[in-house]
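The exercises below are meant to be worked through with the sequence and the model side by side. Each task is followed by a solution that proceeds in steps.

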Amino acid sequence: MQKVINRIENNNINSYDINKKINKAIEFSKILEKVEVNKELKFSAHAMDRLRDRNINLTEKDIENLKSAVEKIKSKGGKDALILYNNIAFITSIRNNTIITAVDNDNIKENVFTNIDSAMIL
């Protein structure tokens, strides 16, 4: 510890600067904790409209299955994904834990899905 203090004194770093840096590091770690805790699956307004327009009703179990798929894709490094679940295609922002849109079986044919880097079939 004394070596650290001596090094700090030799580098002309005052305790105010050190405390300021420590407080910033603590604040940043708290922000990271909040981000990590917020693993809730969200639905964009567009996705909500598509679910409503296409009469797609999701149960709590469906949402848990989609959330699990998002976590698996995230663990593999996916960022934007197509998740096929119960004959419904969900375009998902893995980074944001957000379902972007949903396409049911009747509308899925002939569709082109772009800007995805991963896909999962449940």
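A residue is called buried when its relative accessible area is under 20%, exposed when that area is over 50%, and partly exposed in between. The model is a predicted one, and of the 122 residues of its protein chain, 25% count as buried by this criterion.

**Exercise 1. Describe the overall layout of the chain and the order of the strands in its sheet.**

Step 1. Begin with the inventory: the protein chain has 5 helices and 5 strands, and along the sequence these elements follow the pattern α-α-β-α-α-β-β-β-α-β.

Step 2. Next, place the strands in space, where an open sheet of 5 strands shows the order S1-S4-S3-S2-S5, with mixed pairing. Because S1 and strand S5 (118–121) stand at the edges and have a single partner strand each, one side of each is left without a neighbour in the sheet.

Step 3. Then add the helix H4, which packs on the sheet, touches S1, S2, S3 and S5, and makes an angle of about 140° with the direction of S2.

Step 4. Finally, consider the contacts in the protein chain with a separation of 6 or more, of which 54% are between residues 24 or more positions apart.

**Exercise 2. Determine how S3 is paired on each side, and whether its faces are covered or open.**

Step 1. On one side, S3 pairs with S2 in the antiparallel sense over 6 bridges, and within this pairing isoleucine 83 has phenylalanine 90 of S3 as its bridge partner. The hairpin of S2 and S3 has 2 residues between the strands, and asparagine 86 takes a positive phi near 50° there.

Step 2. S3 is also joined to S4 by 5 bridges, again with the strands running antiparallel. Isoleucine 91 has threonine 101 in S4 as its bridge partner, while serine 93 stands opposite threonine 98 in S4. In the hairpin of S3 and S4, which has 4 residues between the strands, the residue with a positive phi near 50° is asparagine 97.

Step 3. Now examine the faces: Ile88, Phe90 and Thr92 are buried on one side of S3, and Ala89, Ile91 and Ser93 are buried on the other, so that both faces are covered. Since 6 of the 6 residues of S3 are buried, this strand is largely enclosed by the rest of the structure.

**Exercise 3. Work out the pairing of S1 with S4 and the position of H3 relative to these strands.**

Step 1. Strand S1 (residues 42–43) pairs with S4 in the parallel sense over 2 bridges. The bridge partner of lysine 42 in S4 is threonine 98, and phenylalanine 43 stands opposite isoleucine 99 in S4.

Step 2. S4 itself is mostly covered, with 5 of its 6 residues buried.

Step 3. Helix H3 lies across S1, S3 and S4, and runs at about 30° to S4.

**Exercise 4. Identify the members of the largest nonpolar core that touch the most other members, and the elements that supply the core.**

Step 1. In soluble globular proteins, nonpolar side chains tend to be buried together. Here the largest nonpolar core holds 17 residues, of which Leu66, Ile73, Ile83, Phe90 and Ala102 touch the most other members.

Step 2. At least two residues of this core come from each of H3, helix H4 (60–75), strand S2 (80–85), strand S3 (88–93) and strand S4 (98–103), and the largest share, 4 residues, comes from H4.

Step 3. Follow alanine 102 further: leaving aside neighbours within four places in sequence, alanine 102 is in contact with Arg50, Leu51, Arg54, Ile56, Ile88, Ala89 and Phe90.

**Exercise 5. Characterise the surroundings of arginine 50, and decide whether this residue is buried, partly exposed or exposed.**

Step 1. Arginine 50 is located in helix H3 (residues 45–53). Its relative accessibility is 24%, and therefore arginine 50 counts as partly exposed.

Step 2. When residues up to four places away in sequence are not counted, arginine 50 touches Thr101 and Ala102. The C-alpha atoms of arginine 50 and aspartate 104 are 9.1 Å apart in space, although the two residues are 54 residues apart in sequence.

Step 3. Within its own helix neighbourhood, the side chain of arginine 50 is joined to the side chain of aspartate 53 by a polar contact of 3.2 Å.

Key: Residues numbered from 1 in each chain as written. Predicted model: local features only at pLDDT ≥ 70, side-chain atom pairs only at ≥ 80, totals over all residues. Heavy atoms only, no water. Buried < 20%, exposed > 50% of the residue type's maximum accessible area, 1.4 Å probe, protein only. Contact = heavy atoms within 4.5 Å. Polar contact = N/O pair within 3.5 Å; in protein donor to acceptor, adjacent residues only side chain to side chain. Core = buried A, V, L, I, M, F, W, Y, C linked by side-chain atoms within 4.5 Å. Pairing = 2+ DSSP bridges. Axes fitted to C-alpha atoms, helices over the stretch in contact; angles between N-to-C directions.
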